[in-house]
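Student: Could you take me through one part of this model in close detail, setting it first within the fold as a whole? I would like the answer to be connected rather than a list.

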Amino acid sequence: MGPRTTLKVAYTNIQSIRQKTDELQGLVLRSECSIWGFSETWLEERETYLYKLDNYNAFYSCRSGRKGAGVTLFIKNSFKSRLIDQSDSNQIINWLCVGVGENNLKVSVVYRPPSYSITDFFVDIENILTKHP
């Protein structure tokens with residue numbers, strides 16, 4: 001068995017990554033987190049290339065045609081990572097699922113708009129978890 005790797009994960013609702021790029025860079029550089037999850041990035045697909053972090057792979061799920069929403073995962077380059085699945089741009093909730101590491105640990109981030117029924121949200125989550133156990 002090889003050496004153990006510590007995996008530290010952080011999440012926040014960023015409410016517009018556009019307006020907090022410098023804060024974000026500083027926060028990530030000071031932290032020892034391997035994975036950062038953000039909701040309410042408010043990004044559109046055409047601009048995601050502008051929001052990268054050094055030494056991290058970036059995964060985005062953006063909602064088109066609506067203000068707000070959007071989720072992002074930044075995974076440290078030292079971990080193998082790949083996109084497993086994500087929400088369609090026209091879905092009410094935003095989510096994405098990324099496989100991390102040799103054992104393909106699944107890491108997800110989900111955004112539910114406040115106006116969306118919590119009951120319907122739990123049905124959506126159950127469907128996602130059934131699809132990606």
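Tutor: In this predicted model, the protein is built from two helices and seven strands, and these elements follow one another along the sequence in the pattern β-α-β-β-β-β-β-β-α. The radius of gyration is 15 Å, close to the 14 Å that the globule rule gives for 133 residues, so the protein is as compact as a globular protein of that length. Measures of extent along the principal axes add to this picture, since the C-alpha trace spans about 45 × 35 × 20 Å.

Of the 133 residues, 44% count as buried, and the accessible surface comes to about 8100 Å², with 50% of that area belonging to carbon and sulfur atoms. Among contacts between residues at least 6 apart in sequence, 55% join residues at least 24 apart. As for charge, the protein carries 16 positive and 14 negative side chains, and the centres of the two sets lie 3 Å apart.

The part I would look at closely is helix H1, which covers residues 21–30. The buried residues of this helix are Leu-24, Gly-26 and Val-28, where buried means under 20% relative accessible area. In an α-helix there are 3.6 residues a turn, so residues three or four places apart point the same way. What covers the buried residues of H1 includes three strands, namely S2 (35–39), S3 (56–61) and S4 (71–76).

Two loops that adjoin elements already named deserve attention for their backbone. The loop between strand S1 (9–13) and H1 holds Gln-15, whose phi is near 45°, a positive value in a residue other than glycine. The background to that remark is that most residues other than glycine have a negative phi. With a relative accessibility of 42%, Gln-15 counts as partly exposed, because the partly exposed class lies between the limits of 20% and 50%.

A second positive phi is found at Asn-55, which is not a glycine and has a value of about 70°. Asn-55 belongs to the loop between S2 and S3, and these two strands are among the elements that cover the buried residues of H1. The relative accessible area of Asn-55 is 52%, so this residue is exposed, whereas Gln-15 is partly exposed at 42%.

Taken together, the close view of H1 joins the buried residues Leu-24, Gly-26 and Val-28 to a cover that includes S2, S3 and S4, with Gln-15 in the loop between S1 and H1 and Asn-55 in the loop between S2 and S3.

Key:
Residues numbered from 1 in each chain as written. Predicted model: local features only at pLDDT ≥ 70, side-chain atom pairs only at ≥ 80, totals over all residues. Heavy atoms only, no water. Helix = DSSP H or I, 4+ residues; strand = E, 2+ residues; numbered from the N terminus. Rg over C-alpha atoms; globule rule 2.2 N^0.38 Å. Buried < 20%, exposed > 50% of the residue type's maximum accessible area, 1.4 Å probe, protein only. Contact = heavy atoms within 4.5 Å. Areas by Shrake-Rupley, 256 points an atom, 1.4 Å probe, with all protein chains shown as cover. Lys, Arg positive; Asp, Glu negative; His and termini not counted. Charge placed at Lys NZ, Arg CZ, Asp CG, Glu CD.
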